[in-house]
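Colleague: Before I use this model at the bench, I should like to understand the terms applied to it. Please set each value against its cut-off and then draw the conclusion.

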Amino acid sequence: MPNQSNVPDQDAWASWHPAALSRRIAGVASPWCIVGGWALDLWHGRETREHGDLEFAVLRENLATFRQSLAALEFYSVRDGLIERLSPNQEPAPDVVQIWCFDRAAQRWRVDMMIEAGTPETWVYKRDPTIRLPRAEMVATTAEGIPYLKPSAVLLFKAKYRRPKDEADFARAMPLMPPAERAWLKGCLDRLHPGHEWALAL
């Protein structure tokens with residue numbers, strides 16, 4: 001087993017604001033988007049709560065390009081609770097879908113890079129690849145040009161865990177979601193999580 005003592009403190013997060021990440025990868029033409037709680041706040045147009053990290057999703061085929069744009073950081077694969085340093089030219093294992101990015105100078109984690117399925121044209125839900133839609137229907141953009149995953153998809157991910165922050169995120173977003181997004185989310189919940197309380201609320 002790799003030596004976990006060489007891994008930075010897992011709690012040493014001081015994540016960037018989405019705008020800071022967007023500036024750093026502005027030269028990348030490949031698709032990406034903010035996901036998780038920050039995606040919801042970009043949709044709300046304001047920061048509704050504190051965020052312990054910043055997550056953004058990229059396609060595996062474009063991973064090297066994003067790593068190059070963030071070359072000032074160190075990259076660590078995260079899998080099954082195990083965090084391992086990736087050397088500059090080392091590809092993560094095929095089953096790795098999460099990479100933490102560490103700012104050595106500041107001794108802080110800055111961003112969580114999620115590797116998603118799909119194509120430049122198609123968004124795919126990684127927990128059930130049969131759920132797929134045109135990327136243009138699932139990713140929106142702020143007035144500042146920051147792409148983010150739409151609330152229906154963000155909440156589908158959050159529905160599995162229902163942590164207190166997930167419940168609060170749902171309660172804030174649900175009344176404001178367009179009817180089509182609410183219907184789509186309800187259909188996915190009925191299929192993947194039968195009897196889920198959120199589906200009843202929708």
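**Values and their labels**

Modeller: Arg162 is located in the loop that runs between helix 5 and helix 6 (164–173). Please bear in mind that the model is predicted.

Colleague: Why is Arg162 called partly exposed?

Modeller: Its relative accessible area is 29%. Buried requires under 20% and exposed over 50%, so Arg162 falls in between and counts as partly exposed. Its backbone also deserves notice: phi is positive, about 55°, although Arg162 is not a glycine.

Colleague: Which label does Gln107 receive, buried or partly exposed, and why?

Modeller: The relative accessibility of Gln107 is 37%. That value is neither under 20% nor over 50%, so Gln107 is partly exposed. Gln107 belongs to the loop between strand 5 and strand 6. It is not a glycine, yet its phi is positive, about 60°.

Colleague: What makes Trp32 a buried residue?

Modeller: Trp32 has 11% relative accessibility. The cut-off for buried is under 20%, so Trp32 meets it. Trp32 sits in strand 1. Apart from neighbours within four places in sequence, Trp32 has contacts that include Leu21, Ser22 and Ile25, as well as Phe66, Ile146 and Pro147. Phe56, Ala57 and Val58 are also among its contacts.

Colleague: Which residue has its C-alpha atom 8.1 Å from that of Trp32?

Modeller: That residue is Tyr148, which lies 116 residues from Trp32 along the chain.

Colleague: How many aromatic pairs are there?

Modeller: The count is 12 aromatic pairs. One of them joins Trp32 and Phe56, with 6.1 Å from centre to centre and 85° between the planes. The centres must lie within 6.5 Å for rings to pair, and an angle over 60 degrees counts as edge-to-face; this pair satisfies both conditions, so it is edge-to-face. The partners come from distant parts of the chain, with Trp32 in strand 1 (residues 32–35) and Phe56 in strand 2, 24 residues apart. Both Trp32 and Phe56 are buried.

Colleague: Why is the pair of Phe102 and Trp109 called edge-to-face?

Modeller: The ring centres of Phe102 and Trp109 are 4.9 Å apart, and the planes stand at 65°. The distance is within 6.5 Å and the angle is over 60 degrees, so the pair is edge-to-face. Phe102 and Trp109 are both buried. They also belong to a cluster linked by ring pairs, together with Trp13, Tyr76 and Trp100.

Colleague: What is the distance at which Arg24 lies over the face of Trp16?

Modeller: Arg24 is 4.0 Å from the ring centre of Trp16. The limit on distance is 6 Å, and Arg24 is indeed placed over the face of the ring.

Colleague: Why is helix 2 described as largely enclosed by the rest of the structure?

Modeller: Helix 2 has eight residues, six of which are buried, so the description follows. The six are Gly37, Trp38, Ala39, Leu40, Asp41 and Leu42. Their cover includes helix 1 (18–24), strand 1, strand 10 (147–149), helix 5 and helix 6. After helix 2 comes Gly45, with a positive phi near 85°.

Colleague: What is the volume of the largest pocket?

Modeller: The largest pocket has a volume of about 840 Å³. Its lining comprises 35 residues, of which Glu55, Met114, Lys126, Arg127 and Phe157 are closest to the centre. Elements that each supply at least two lining residues include helix 2 (37–44), strand 2 (55–59) and helix 5 (151–158). Strand 6 gives the largest share, four residues.

Colleague: How many residues of that lining are charged?

Modeller: The lining of the largest pocket has 13 charged residues, alongside 17 nonpolar and five polar. Asp, Glu, Lys and Arg count as charged.

Colleague: What is known of the second largest pocket?

Modeller: Its volume is about 180 Å³. It is lined by 14 residues, and those closest to its centre are Arg67, Phe75, Ser87, Pro88 and Asn89. Helix 3 contributes three residues, the largest share. By class, six residues of this lining are nonpolar, four polar and four charged.

Note on methods: Residues are numbered from 1 along each chain as its sequence is written. This is a predicted model: local features need pLDDT of at least 70, side-chain atom pairs count only at pLDDT 80 or more; totals for chains, interfaces and linings use all residues. Side-chain values use heavy atoms; hydrogens and water are left out. On a 1 Å grid over the protein atoms alone, a cavity is a set of points where a 1.4 Å probe fits but cannot get out, and a pocket is an open set with protein on both sides within 12 Å along at least five of seven lines; lining residues have an atom within 4 Å of a point. Grid points are joined across faces, edges and corners, and a volume is the space filled by probe spheres set on the points. Rings of Phe, Tyr and Trp (its six-membered ring) pair if their centres lie within 6.5 Å; planes under 30 degrees apart count as stacked, over 60 as edge-to-face and the rest as tilted. Buried means under 20% relative accessible area, exposed over 50%, partly exposed in between (1.4 Å probe, protein chains only). A charge sits over a ring if NZ of Lys or CZ of Arg is within 6 Å of the ring centre and within 35 degrees of the ring normal. Contact means heavy atoms within 4.5 Å.
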